[in-house]
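I sat down with this model to look up a few things and jot them as I went. Rough notes follow.

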Amino acid sequence: MRTKYTFCIFFVLYFMAATGARSQQIWFKMDTVTTLLANDKKLINPWAGGLNASQYQKMHLDNDAEEDLVVYDRTNSKVTTFLAAADPAGSGKKVFVHAPYYESLFPHMDNWMILADYNGDGLKDLFGSNPFGISVYKQVKTGNAWHWELMKDAIYTRGYNSNINLQVYGTDIPGITDIDDDGDLDLLTFDSQGTIIELHQNLSMEKFGVPDSLGNEENTVFRRNGECWGNLRKGNNEDFIFGFDCGVTDSEDGRVMHAGNSILLNDLNGDGKKDLLVGHVSNEHISFLTNSASGLIGNFTAYTNSYPPTDPVLLHIFPAAYMEDVDFDGVKDLLVAPNVSSNDGNLTDFRSSGWFYHNAGTNIKPDFKLQQKNFLQDQMIDVGENAAPTFFDVDGDGDLDMVIGTGGRPGAAGFKGSLWLLENTGTAAMPAFKLATENYLNITAALSVYNLKPQWADFNGDGMTDLGFAATSSASLKLEYRYIPNKAAAGAAPQFNMADAVTIALPADVQIGDSPYFYDGDDDGDLDLLLGKPQGNIYYYKNAGNSKQFAFNLETNAFAGVGNNDFTGGSPQLAVMDFDLDGQPDLLTADNSGTIRIFHGAAWGKWTQRESLLVAGNGKATAPVFGNYLAVAAGDYNGDKKMDLAIGNNAGGIGLLTNVLPITVTGTEPVQSIDFKVYPNPVADYVSVHSSRGGSLRILTANGKPVLANRNVKANMTLEISTLNWPAGLYILELEHGSSRNVKKIVVR
């Protein structure tokens with residue numbers, strides 16, 4: 001009996017395409033249900049997406065009495081939202097649970113963002129970095145819903161002689177707080193040299209008696225008060241100079257300091273005066289500066305770089321501090337993370353970059369106790385950075401496991417990447433993953449490489465799926481590609497050994513930042529090469545050689561019409577699958593802007609549709625930002641015959657997206673006219689597959705073990721598959737085309 005897939009909303013996919021409404025179709029939804037076990041512990045937020053350089057702040061996301069957590073990651077240019085909720089494990093405690101819905105409400109941010117109520121309405125507003133300086137979004141609430149409304153794309157301040165836009169350098173995090181306790185928000189920021197703090201006083205209360213004015217270019221409410229603030233100056237290293245004459249500019253030996261400072265203002269010793277916690281781009285420690293004055297006139301007289309006194313902060317570079325209650329005891333704790341845009345020198349371990357200190361004291365006289373160095377990161381997949389997922393049945397049990405390439409981690413032997421293996425301990429229909437190893441195949445011992453990007457394909461043409469991976473060599477700093485042949489017998493669990501790895505010579509013009517993806521585009525039995533380029537375009541090379549000897553000839557540098565700068569983020573990562581189930585291969589791209597797209601609707605390379613509104617959000621199709629430097633994998637991990645997605649990002653995490661196209665399996669399909677031939681039969685060395693309709697071919701043993709999966713069969717073109725290494729026996733060939741499935745049986749001698 002053959003089955004078919006029918007459209008449960010009256011052929012909506014095709015009618016919407018014809019009417020131009022196709023872009024409104026929802027393809028995927030975020031998966032927050034599939035479980036993951038790591039170190040015998042079920043993770044609370046396994047698919048939250050990883051964290052590197054976190055900025056922690058709280059606000060009300062939903063409508064309960066508890067504030068929730070918003071984390072902005074500077075390396076990933078992404079907001080991640082968590083609801084304060086009961087522990088799903090039933091401990092009775094409150095925890096932060098990933099709630100991706102709210103992320104789509106936030107505007108795109110770069111460098112930094114701060115949540116603070118500027119207009120006194122009890123709702124936190126949003127201050128963010130932009131090329132003009134500071135943008136301000138007001139939180140507007142209607143009933144139980146809320147949204148951001150852009151109020152200013154720049155704030156102006158009164159300088160020495162004129163009104164200028166208030167600049168906060170992209171490397172910095174300013175302090176936005178009510179310094180003089182008059183009800184409006186003032187702003188502290190370091191100058192362009194990174195040596196003195198400027199005070200920009202808010203005069204909204206003084207001028208209008210209300211705190212909600214932001215002013216404009218002609219009539220500012222901010223003014224620079226004095227030439228510096230706090231009578232201090234940043235020294236050359238981790239020191240500070242006090243009693244500094246703010247009316248004199250002293251560059252000492254003429255050295256220009258590299259700007260980059262973070263500011264946290266809070267009473268930290270219980271004397272009623274606002275002290276400073278300052279991080280600097282060249283420092284490993286947080287500097288605690290004690291204030292001896294109140295109000296606008298700060299006067300700092302002492303500092304220490306050992307703070308807190310017990311287990312003081314020690315990061316490789318540029319620590320930034322935040323105070324929020326994250327353990328639900330009503331007292332603000334201390335959180336510290338590196339304020340960096342990338343891993344400078346590959347010396348930061350981004351798997352452990354969020355330090356959490358419990359406050360055993362009070363808000364005005366805290367007593368910080370170090371609890372962990374991987375806050376939130378321990379409850380999610382976080383491989384460090386540049387996670388690159390793939391799906392494959394690694395253990396041969398009939399369901400899809402996940403192998404993740406990692407960016408790398410610093411260690412005694414240098415910065416090295418590895419492969420993580422997540423075994424599917426559930427079923428094909430009800431997946432449940434378990435972290436099996438963080439060093440699958442022990443690649444760290446065999447190679448000195450980082451930024452591993454794996455792909456499963458039949459690289460040597462023997463009919464078995466091999467493991468390939470791109471990586472950057474630590475020695476040559478060049479992009480290399482290897483594959484490990486699958487030495488298992490057909491129908492058995494795959495067998496890989498790093499000692500068998502084969503290097504593929506990539507085209508001479510391949511460079512670091514390119515994204516290789518292998519696929520037999522011309523259906524001649526060997527793999528061709530697609531290459532996502534940093535400029536945003538896609539190269540397509542045909543393999544003029546064979547599976548034993550690759551010889552790549554450039555066909556086009558704008559495959560599928562994707563030319564230079566077509567993707568603003570650049571470096572598109574690629575996956576080829578039949579996503580819309582029309583029997584033809586489609587192209588999925590994920591680029592550095594954080595956006596995924598699907599090219600479909602026609603034959604290979606001639607696609608007429610390009611979709612980016614793909615993911616469910618607030619009941620409609622949206623294009624959420626998944627972070628920077630994405631990698632993407634497709635596979636049916638929940639057994640519904642539709643291609644789901646795993647998306648890795650720069651923060652080292654994974655997001656799962658379930659395919660929700662309105663297609664269901666129903667009844668019996670009438671016999672359709674299709675010419676599907678498999679010959680010879682019995683088979684000795686090679687089996688030929690020919691079909692009048694294209695589709696996706698998979699081959700199983702008689703007991704259901706997969707031998708070959710997702711091999712593309714093109715209409716009226718013969719595909720040859722080697723059976724030389726297959727054990728004798730009965731095999732089942734299943735060709736899926738759109739809504740139909742056709743089955744043939746062969747006997748291998």
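**Backbone oddities**

I started with Leu 376, which sits in the loop between strand E28 (368-372) and strand E29 (388-392). This is a predicted model, so I take the geometry as predicted too. Phi of Leu 376 is positive, about 70°, although the residue is not a glycine. Leu 376 is buried, with a relative accessible area of 8%.

I noted a second positive phi at Lys 641, near 70° and again in a residue other than glycine. Lys 641 belongs to the loop between strand E47 (631-635) and strand E48 (644-648). I looked up its accessibility as well: at 26%, Lys 641 counts as partly exposed.

Next I went after cis peptides. I found one joining Tyr 307 and Pro 308, with omega about -10°. Pro 308 is in the loop between strand E24 (300-304) and strand E25 (319-324). Another cis peptide bond joins Tyr 679 and Pro 680, and omega is about -10° there. Pro 680 is in the loop between strand E51 (676-679) and strand E52 (686-691).

**Domains, and where 2 meets 3**

I pulled up the domain assignment of the chain: domain 1 is 51-247 + 257-379, domain 2 is 388-659 and domain 3 is 676-748. Taken over C-alpha atoms, the centres of domain 2 and domain 3 are 24 Å apart. Each side brings residues to the contact: 24 from domain 2 and 24 from domain 3.

How much area do domain 2 and domain 3 bury between them? I get about 1,900 Å², with 47% of it on carbon and sulfur atoms. On the domain 2 side, Ala 490, Gly 491 and Asp 523 supply 28% of the area buried against domain 3, more than any other three residues.

I then asked which charged pairs cross over. The rule finds one salt bridge across the interface of domain 2 and domain 3. Asp 458 and Arg 711 form a salt bridge, with the closest N and O atoms 3.9 Å apart. The cut-off for a salt bridge is 4 Å, so I wrote this pair down with its distance. I also have two residue pairs in polar contact between domain 2 and domain 3. By class, the side of domain 2 that touches domain 3 has eight nonpolar, eight polar and eight charged residues.

**Salt bridges elsewhere**

The structure holds 14 salt bridges, and I opened several. Glu 103 pairs with Lys 78, their closest N and O atoms 3.1 Å apart. Glu 103 lies in the loop between strand E8 (94-98) and strand E9 (110-116) and Lys 78 in strand E7 (residues 78-86), so the bridge ties together parts 25 residues apart in sequence. Are these two buried or exposed? Glu 103 is buried, and so is Lys 78.

Then I checked Arg 482 and Glu 480, whose side chains meet in a salt bridge at 2.9 Å, N to O. Arg 482 counts as buried at 14% relative accessibility, while Glu 480 is partly exposed at 21%.

In Arg 698 and Glu 734 the closest N and O atoms of the salt bridge are 2.8 Å apart. Arg 698 is in strand E53 (residues 695-701) and Glu 734 in strand E56 (residues 729-737), so this pair ties together parts 36 residues apart in sequence. Arg 698 is partly exposed, with a relative accessible area of 31%; Glu 734 is buried, with 5%.

**Two buried residues**

I picked Leu 587, in strand E42 (residues 586-590). Leu 587 is buried, with a relative accessible area of 0%. What is it in contact with, leaving aside neighbours within four places in sequence? I listed contacts of Leu 587 including Leu 530, Ile 538, Phe 559, Leu 574, Val 576, Ile 598, Phe 599 and Trp 607. Leu 587 and Phe 599 are 12 residues apart in sequence and 5.0 Å apart in space, C-alpha to C-alpha.

My last stop was Asn 343, in the loop between strand E26 (333-338) and strand E27 (355-359). Asn 343 counts as buried at 9% relative accessibility. Its side chain reaches the backbone oxygen of Thr 348 at 2.9 Å. Leaving aside neighbours within four places in sequence, I have Asn 343 in contact with Thr 348, Phe 350, Glu 385 and Phe 415.

Methods: Residues numbered from 1 in each chain as written. Predicted model: local features only at pLDDT ≥ 70, side-chain atom pairs only at ≥ 80, totals over all residues. Heavy atoms only, no water. Domains from an automatic or database assignment. Contact = heavy atoms within 4.5 Å. Buried area = accessible area lost by both parts, 1.4 Å probe. Polar contact = N/O pair within 3.5 Å; in protein donor to acceptor, adjacent residues only side chain to side chain. Nonpolar A, V, L, I, M, F, W, Y, C, P; charged D, E, K, R; others polar. Helix = DSSP H or I, 4+ residues; strand = E, 2+ residues; numbered from the N terminus. Buried < 20%, exposed > 50% of the residue type's maximum accessible area, 1.4 Å probe, protein only.
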